[in-house]
Amino acid sequence: MSRSSTRRGRAPANNSDVLAMFRLVYSGEGATEPLVDDFSLTIEQKWQLLFDRHWRSLAPSSQTKWLVYLRKWKKWIDDHPEQPEGYLVFPSSKVSAFLSHILADCTASSSKDPHGAVKSARKALRHLRACQAGMPDDEAKFPSQPYIAGVTSRAKAATAEARQWLVVVCWQSTLAGHALEVTWEVHACSEEADPSCSASTLSNEEYASLLDAAMRFPDKQVGLCVAAMVSCGLAAGFRSDDLQDTRYFMELICSVPAEPLPMQILALASNAGKANQDAQMTYAALANHRQPHLDCLAYLSQLVLYQINVSKLPLLALIYQNNMSWRSYRMFFRDPSMATSKQTYYDLSTMLMKVAATMPDTLVKTKVMHLMRCSGTVSLAAAACSIDVLRVWGRWVRSEGVVGKSYLPKSPLSALPATGVLAGFGNNFMTNHAFGRGTVAVPVKWIDSLVPHARVILQAVRLRNRTRTGKADFSGQHCVESTLYLAETFWQSSPFMLQRYGLGWWALQLPAVCFIVGSSSFRQFEQQVMKAELEWNARPLSPQMSEAFDKISKHVCSLSEQIAQLQLSVDGMMHPVHSQTAANHSIPTASSANTQPRAARSPRIELEVQVGLSSGLSSVQEAVDEWFTGLHGFPAPPLLCEQAIQRGQRLSKKAIDNLSRRRHLPLRIQALATDRCWPLKKALAVYELVMQRHSLSLAELRDAVRLSSPVRHPDAKGGKPAQSQHVNRSPGLPLISISQFAVWVQKATDDIASMSISW
């Protein structure tokens with residue numbers, strides 16, 4: 001991770017005082033003719049054209065960077081009123097003095113790149129000077145002026161000296177309020193330092209460990225986003241700016257005739273990015289990895305399915321309605337409320353650092369969001385890929401004339417050798433594409449269970465595009481096709497995910513996945529996948545490898561049986577499966593003509609089933625829906641309790657504790673709505689606002705509401721006064737007292753009450 005990952009480069013939102021410097025006019029000795037009105041353009045129009053060319057055409061990230069140095073320029077001039085010509089970038093001696101000031105600051109702060117800072121400051125002043133009218137012609141190339149060139153030479157020497165000392169960054173983070181504080185450690189070249197050549201890249205072990213940390217991260221939206229972002233970023237060589245604006249422009253390509261199995265390519269399209277100034281549509285190719293736990297499409301499929309099924313992203317519905325607003329949805333985001341806007345560098349880097357902080361071993365790197373691109377580049381170079389392939393893959397080829405600008409970026413197959421190498425099949429991937437699990441057919445019903453109605457939507461969109469009965473949306477058609485393929489990829493990798501993450505795998509919160517994983521047909525499918533991986537592997541397997549696959553198979557079968565026995569046995573599950581869900585999975589229901597009457601499962605088991613299925617809730621709305629109306633096709637918990645009491649059966653301690661944790665938040669919201677005569681939705685918005693403002697998880701919010709509940713008494717056995725208790729949070733997070741939480745709720749209540757919104 002580099003120092004640039006902190007928020008030091010974020011300029012203030014109001015930059016009018018800085019931008020006002022662009023309008024200054026030099027009228028001193030040697031001034032050129034200022035802008036004047038003529039028959040074609042006014043002074044304002046001429047200046048606006050200059051401003052558009054030298055400032056507005058810059059990428060937002062570049063503007064943010066230059067604004068930092070322009071603000072430093074303004075402050076330096078304010079501190080040195082004796083300097084001539086004020087904020088004008090003239091004369092060169094004044095510019096040289098300012099650059100010397102930047103160099104001195106870098107030296108005092110032990111910067112490892114003083115030359116980079118001086119160069120950036122010089123570029124920022126060049127953009128400013130280009131818009132200031134009346135500058136002398138002999139100053140047009142001021143970087144080559146002797147005084148400025150002298151400071152540049154000194155900066156280069158300072159950088160060379162600084163880099164004789166190894167600077168490493170320990171990737172450790174703690175949360176303090178909303179800000180992520182990064183701990184930096186600088187070591188000299190001694191026994192304490194590790195002069196590693198991989199300071200800016202990920203090794204295979206680090207890559208796998210980072211993916212595991214992401215999949216086990218408590219916040220599943222963040223964890224799955226980081227896993228997909230890291231794996232896809234490495235496979236496609238994405239820059240940070242690419243990841244910030246990646247959308248659901250996906251296209252499945254099935255035309256790569258590799259042997260012994262054709263290679264499926266999923267292309268991600270984008271017309272944004274810092275390097276894409278012309279906004280042309282460019283493509284990056286992704287392929288299934290030989291090793292399941294490194295498969296970028298497996299992680300991308302889980303992210304997409306999570307956002308569709310859990311985050312309730314209305315992607316497919318909008319495509320079906322021919323509503324083009326689906327194109328605004330980003331693929332990588334921290335919160336569903338941010339899905340339609342471009343993410344910031346800080347948003348994505350913060351998620352990545354949070355996940356990396358949970359890794360067993362501290363990750364020592366000099367980069368953050370550029371880490372994946374560097375890792376992919378080095379991997380390709382190590383596999384002896386040519387420099388031409390590297391340029392096309394990394395989209396550095398745009399400067400190589402018309403071919404690189406207008407042809408190669410428009411085809412995801414232009415860098416096919418790089419795609420094959422990064423998918424783990426080596427340079428001879430065309431004759432060595434032994435993708436075993438890809439040969440196992442996934443039941444259509446399993447795919448449809450993850451993306452209901454997707455096939456109907458696909459047929460409707462195809463018909464609309466073919467007959468032109470509505471606005472053509474071929475991108476939407478490709479997106480639905482790609483989503484179906486990702487659902488297939490999800491099931492093909494599911495045995496390995498289940499083996500690696502066990503019952504903690506997030507997908508088990510989906511009823512459809514639980515029903516299928518707990519069935520005997522899934523155990524047969526898992527054995528076919530393992531057998532295919534063994535048979536299709538081109539290289540001969542050692543006895544140790546065969547034994548490892550056998551252990552994986554046995555472990556997955558054991559987990560499947562546990563799930564079946566505990567909660568989702570297909571043969572015994574009679575209630576409360578919805579009839580349509582039962583039809584999708586061939587599950588017998590009470591209304592089936594060929595089904596014999598059986599005793600209903602006990603309320604204890606039913607409640608514990610619901611406990612397991614609802615463990616992945618992330619929003620206040622879901623918590624309220626679960627308590628009052630039921631969720632995922634299951635009845636509300638109070639109804640299950642009533643059934644248990646009527647049948648004279650006792651609930652387990654686990655179920656009772658779970659009910660206690662879950663009931664307080666919905667009941668508190670209901671009480672707030674009753675007291676203030678509000679709609680339930682308005683009272684619910686209060687706690688959603690608290691959760692969002694203070695970065696609380698749903699579990700933390702529930703805990704805070706439970707501890708502050710009026711039913712708790714200070715004199716209760718083993719209890720403490722409620723105001724002195726704190727909410728349990730993850731290690732490293734600041735504690736939240738109940739009194740502090742009460743202030744937050746009151747503030748949110750007042751804010752919601754003051755809003756003139758029709759609820």
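**A three-stranded sheet and its surroundings**

Let me start with one pair of residues: S270 stands opposite T282 in strand 6. Before I build outwards from there, I should say that this is a predicted model, in which local features need pLDDT of at least 70 and side-chain atom pairs count only at pLDDT 80 or more, while totals for chains, interfaces and linings use all residues. Residues are numbered from 1 along each chain as its sequence is written, and side-chain values use heavy atoms, with hydrogens and water left out.

As an overview, the protein chain has 30 helices and nine strands, where helices (H or I, at least four residues) and strands (E, at least two) are DSSP runs numbered from the N terminus. Of the 759 residues in the protein chain, 50% count as buried; by that I mean under 20% relative accessible area, with exposed meaning over 50% and partly exposed lying in between, for a 1.4 Å probe and protein chains only. If we take the contacts in the protein chain with a separation of 6 or more, residues 24 or more positions apart account for 70% of them, a contact being heavy atoms within 4.5 Å.

Now to the sheet itself, which is open, consists of three strands in the order 4-5-6, and is paired in the antiparallel sense; two strands pair if DSSP finds at least two bridges between them. Strand 4 (250–256) and strand 6 (282–287) are the edge strands, each pairing on one side only. On average, and with direction ignored, neighbouring strands of this sheet are turned by 35° against each other, the axes being lines fitted to C-alpha atoms, for helices over the stretch in contact, and angles running from 0 to 180 degrees between N-to-C directions.

Strand 4 pairs with strand 5 (residues 263–270) over five antiparallel bridges, and within that pairing L252 stands opposite L266, while E251 has A267 as its bridge partner. On the other pairing, strand 5 and strand 6 are joined over six bridges, again in the antiparallel sense. How enclosed is strand 5 by the rest of the structure? It is largely enclosed, because seven of its eight residues are buried.

The connection from strand 4 to strand 5 is a hairpin through six residues. In the loop between these two strands we find P260, and the peptide bond joining E259 and P260 is cis, with omega at about 0°. A second cis peptide bond joins F90 and P91, with omega at about -5°, and P91 sits in the loop between helix 3 (60–79) and helix 4 (92–108). As background, most peptide bonds are trans, and most residues other than glycine have a negative phi.

On that second point, N322 has a positive phi of about 60° although it is not a glycine, and N322 lies in the loop between helix 11 and helix 12 (345–356). R395, also not a glycine, has a positive phi near 55°; R395 belongs to the loop between helix 14 (387–393) and helix 15 (401–407), and it counts as buried because its relative accessibility is 13%.

Returning to the sheet, helix 19 (residues 474–501) lies across strand 4 and strand 5, and runs at about 70° to strand 4. Helix 19 also meets helix 18, whose buried residues pack against helix 11 (315–320) and helix 19.

Helix 18 (residues 454–467) has 14 residues, which should span 20 Å at 1.5 Å a residue, and its end C-alpha atoms are 20 Å apart, so the two values agree; the expected span is 1.5 Å times one less than the number of residues. Which residues of helix 18 are buried? They are A454, I457, L458, V461, R464 and N465. Seen down the axis of helix 18, these buried residues fall within an arc of 130°, so they line one face of the helix, the arc being that of the directions from the helix axis to the C-beta atoms. In general, an α-helix has 3.6 residues a turn, so residues three or four places apart point the same way. V456, Q459 and R466 are exposed on the other side of helix 18, and just after this helix R468 takes a positive phi of about 55°.

Finally, a word on cysteines: a search of the whole structure finds zero disulfides, a disulfide being a pair of cysteine sulfur atoms within 2.5 Å. C131 counts as buried because its relative accessibility is 2%, and C479 is buried too, with a relative accessible area of 0%.
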